[in-house]
Amino acid sequence: MSHEGQSEATGRPADKPAVLLIHGFTGSTTAMRPWAQALESAGFDTLTPVLPGHETTWHDMINRPYAEWIHATEQAFDKLADTHHQVFVAGLSMGGALALHLATRRNVAAVSLVNPGLVVDSSLAPYTKWLRHVVRSVAPISNDIAKRGADENAYERTPVAAVHQLHQLFAQTRRRLALVTAPVQLFRSTVDNVVSDASVRALTAGLTPGTLVEHHQLLHSKHVATLDYDAAQIFEESARFFHQVAAQVAESPKGRP
C-alpha cells in the first residue's frame, strides 16, 4: 500500500506527513493494512512495504540476511522523505525492531510500536547458526490473535536460518537503542504468546530516559494487536500521537520538537 504526495506546482515535498508501516517476522502487510487505512483517514500518506523474503513462501527466507530487511526499510523511508517533510514510522513485532533501528539512521519524526521484538524468547536462539543446518524449519508463530476469524496471512513454517538472522537483528538493534532520539510510543498486549516482557525490558533499559513518552496497555488483544480487539485504540492513539508531534515541530522556531 502506498499513497504519497508532492506538490505538482513546485515539486517540493508535500506538507502532509507520512507514515512508514513495517510488518513482522514471517508475517505480511495484511497485519498493517487496517492501521495504514486508519492513518490515511486521519490525514497521513502511508507506505507499507513487503520485507524481502516475505509474502512468497517460507523457503524464500532461508538465505535472506537481516541486512536486507534493514535496507528495505531505509529505502522505503527515503522514498517517503523525498516527497514529505515529516515521516513517522510504525512497527509490529520485528517491524518494531526495524523501526527503532531506522530511527538511529534516519531523521524519523516519531515511532509507534506494537509488541516490538528485541529478544528471541528461546534458549536455542544463540545456537540457530548451527541448528539451521540440522533443522530447516519449526512450527509457525502466526495468528496469535484473540479475535476469532482474524488471519495475518503469515507463513505456515518458521525457517531456523531466518531465526538466526532475527537473533542478530535484535542484538544489533539493542546495542543501538541509545541512539534513538525520536519520541517513542509503545502499545503492549497483556497477553502475548510471541514476544515476552524481556523485549519490553530491553526497550526501556536501552532507550535514553525520556525517549519513551507513551506506554499503552492493550487489555483485550494478543500479539497481532493490529488485527485484534484493541486495534481501534492503536489506530486512534497513534494518529493523535503523530499529529501531536507534527504540531510541536510546526510550532518550533527551528522546526524541532
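**Cavity lining and sheet architecture**

By class, the lining of the largest cavity comprises six nonpolar, six polar and one charged residues, where Ala, Val, Leu, Ile, Met, Phe, Trp, Tyr, Cys and Pro count as nonpolar, Asp, Glu, Lys and Arg as charged, and the others, Gly among them, as polar. The structure is a predicted model, in which local features need pLDDT of at least 70 and side-chain atom pairs count only at pLDDT 80 or more, whereas totals for chains, interfaces and linings use all residues. Residues are numbered from 1 along each chain as its sequence is written, and side-chain values use heavy atoms, with hydrogens and water left out.

The protein averages a pLDDT (the predictor's confidence in each residue, from 0 to 100) of 90, and 86% of the residues score at least 70.

Six strands (DSSP runs of E, at least two residues, numbered from the N terminus) form an open sheet with parallel pairing in the order 2-1-3-4-7-8, two strands being paired if DSSP finds at least two bridges between them. Strand 2 (45-47) and strand 8 (212-218) stand at the edges with a single partner strand each, so one side of each is left without a neighbour in the sheet. Strand 4 (residues 111-114) and strand 7 (residues 184-189) pair in the parallel sense over four bridges, and the bridge partner of Val-114 in strand 7 is Phe-187.

Helix 3 (residues 94-103; helices are DSSP runs of H or I, at least four residues) packs on the sheet, touching strand 1, strand 3, strand 4 and strand 7, with contact meaning heavy atoms within 4.5 Å. The direction of helix 3 makes about 150 degrees with that of strand 3, axes being lines fitted to C-alpha atoms, for helices over the stretch in contact, and angles running from 0 to 180 degrees between N-to-C directions.
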